[in-house]
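User: Please take a close look at a single part of this chain and walk me through its geometry and its surroundings in one connected account.

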Amino acid sequence: MSAGATLRLRRGTGRGAGTPPPRSTAARRKVLGLDKDGWFLLLPALIPVLVLSVGPLLYGIALAFTDAQSGVTHATSFNGIANFKDLRLDSLFWQSFRIGLLWAVCVTVLQFLMSLGLALLLNQNLRLRWLARTLALVPWAMPEVVVGIMWRLVYNPDAGILNNTLHHLHLTDGTTDWLSSLSLALPAVIVVGVWAGMPQTTVVLLAGLQNVPLELHEAASLDGAGLWRRFTTVTWPTLKPVVLSITALNFIWNFNSFGLVYVLTSGGPGGKTELPMLFAYDEAFRYGQFGYAAAMGLVMVAVIAVLLAVFLRNRLKEDES
């Protein structure tokens, strides 16, 4: 039999890897997971996403190109890119944007470093390790408002535990107003942000550490590698994809922080802790400029998307090299 005839025979009756997919529309939809039963089961999860996420996002984008304001007597009209032109010259917004970037970078980096140390500790075979892991999740279980109120009490200039402790240690006179100081407010808020965000980072890193094969550590130890050498040659390469994912997500979450800082300082003193989300919130709900605030949100999304794209592109290049 010739090669061409053999090939035609295989195409007609074969069931191997080279067999094309079924030609009927129903069969193709079933192969692609587009059958009616699949869509029906997907709807309960899809509808809330469309209604609560996609819908408001599209509405916010459209609102950014209008002069929408509060009040029923004000008619909303399309104004093109006028909001973005005004925003380009708004020095207060760009100042809050710089504060937001500083906040996000500091909190993300410190969260990662402290969470990595805690995850490495919790990954050891210690006594009462289960209790330590449970206690490490306590900040995660607390709402942001509760965390903010609790830390306001810690930072209280008159009866706060921090001032009392420093006073008893003869480090300060015990009257420092941490959240009202122009120079100390932002560092104090960063500390709270790090404390509140450590649990989820620790859990993710701990899960990544538990996926590192124990045999590789044992082999490196037999070769005479110390703790640092084993971490850099065995643990870190395996953990790197997890680190890339969690740092990117943390940066987005931290830049979009609102509730924690709002409860602690409301953006004060003198705008030293006014993150972009707080600035946009004030513009919309204090001054009633909904269209202008929506333009701020759109700019923030665009800038963060570009920064993350550059960051992820560079990291992926490093992984490939």
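Analyst: Over residues 101–122 the chain is 100% helix and 0% strand, with the C-alpha atoms at the two ends lying 31 Å apart; as this is a predicted model, every value here is computed from predicted coordinates. The stretch 101–122 is one of those that the unreviewed UniProt entry annotates as "transmembrane region", and the record also lists residues 38–62, 134–154, 178–198, 242–264 and 284–312 under that name. For residues 38–62 the model gives 100% helix and 0% strand as well, and there the end C-alpha atoms are 32 Å apart.

The helix to consider is α5, which runs over residues 91–122 and has 32 residues. At 1.5 Å a residue, where the expected span counts one less than the number of residues, α5 should span 46 Å, and because its end C-alpha atoms are 46 Å apart, the expected and modelled values agree. At the N-terminal end of α5, D90 acts as the cap, with one of its side-chain oxygens placed 3.2 Å from the backbone nitrogen of L92.

The packing of α5 against another helix can be taken next. Two packed helices are described by the angle between their axes and the distance between the axes. For α5 and helix α10, which covers residues 185–209, the angle is about 45° and the axes are 6 Å apart. Angles of 35 degrees or above but below 65 fall outside the parallel and perpendicular classes, and α5 and α10 are therefore oblique to each other. Their crossing is right-handed, and the contact of α5 with α10, sorted by class, has 21 nonpolar and 6 polar residues but no charged ones.

Two backbone details elsewhere in the chain complete the account. H170, which sits in the loop between α9 (161–168) and α10, has a positive phi of about 60° although it is not a glycine. P269 lies in the loop between α13 (259–264) and α14 (276–286), and the peptide bond leading from G268 to P269 is cis, with omega near -5°.

Definitions and conventions:
Residues are numbered from 1 along each chain as its sequence is written. This is a predicted model: local features need pLDDT of at least 70, side-chain atom pairs count only at pLDDT 80 or more; totals for chains, interfaces and linings use all residues. Side-chain values use heavy atoms; hydrogens and water are left out. Helices (H or I, at least four residues) and strands (E, at least two) are DSSP runs, numbered from the N terminus. A polar contact is a pair of N or O atoms within 3.5 Å; within protein, one must be able to donate a hydrogen and the other to accept it, and residues adjacent in sequence count only if both atoms are side-chain atoms. UniProt positions are given in the numbering used here, feature names are shortened, and annotations may be inferred rather than shown by experiment. Axes are lines fitted to C-alpha atoms, for helices over the stretch in contact, and angles run from 0 to 180 degrees between N-to-C directions. Angles under 35 degrees count as roughly parallel, over 145 as roughly antiparallel, 65 to 115 as roughly perpendicular and the rest as oblique. A crossing is left-handed if the near helix is turned anticlockwise from the far one by less than a right angle, and right-handed if clockwise. Ala, Val, Leu, Ile, Met, Phe, Trp, Tyr, Cys and Pro count as nonpolar, Asp, Glu, Lys and Arg as charged, and the others, Gly among them, as polar.
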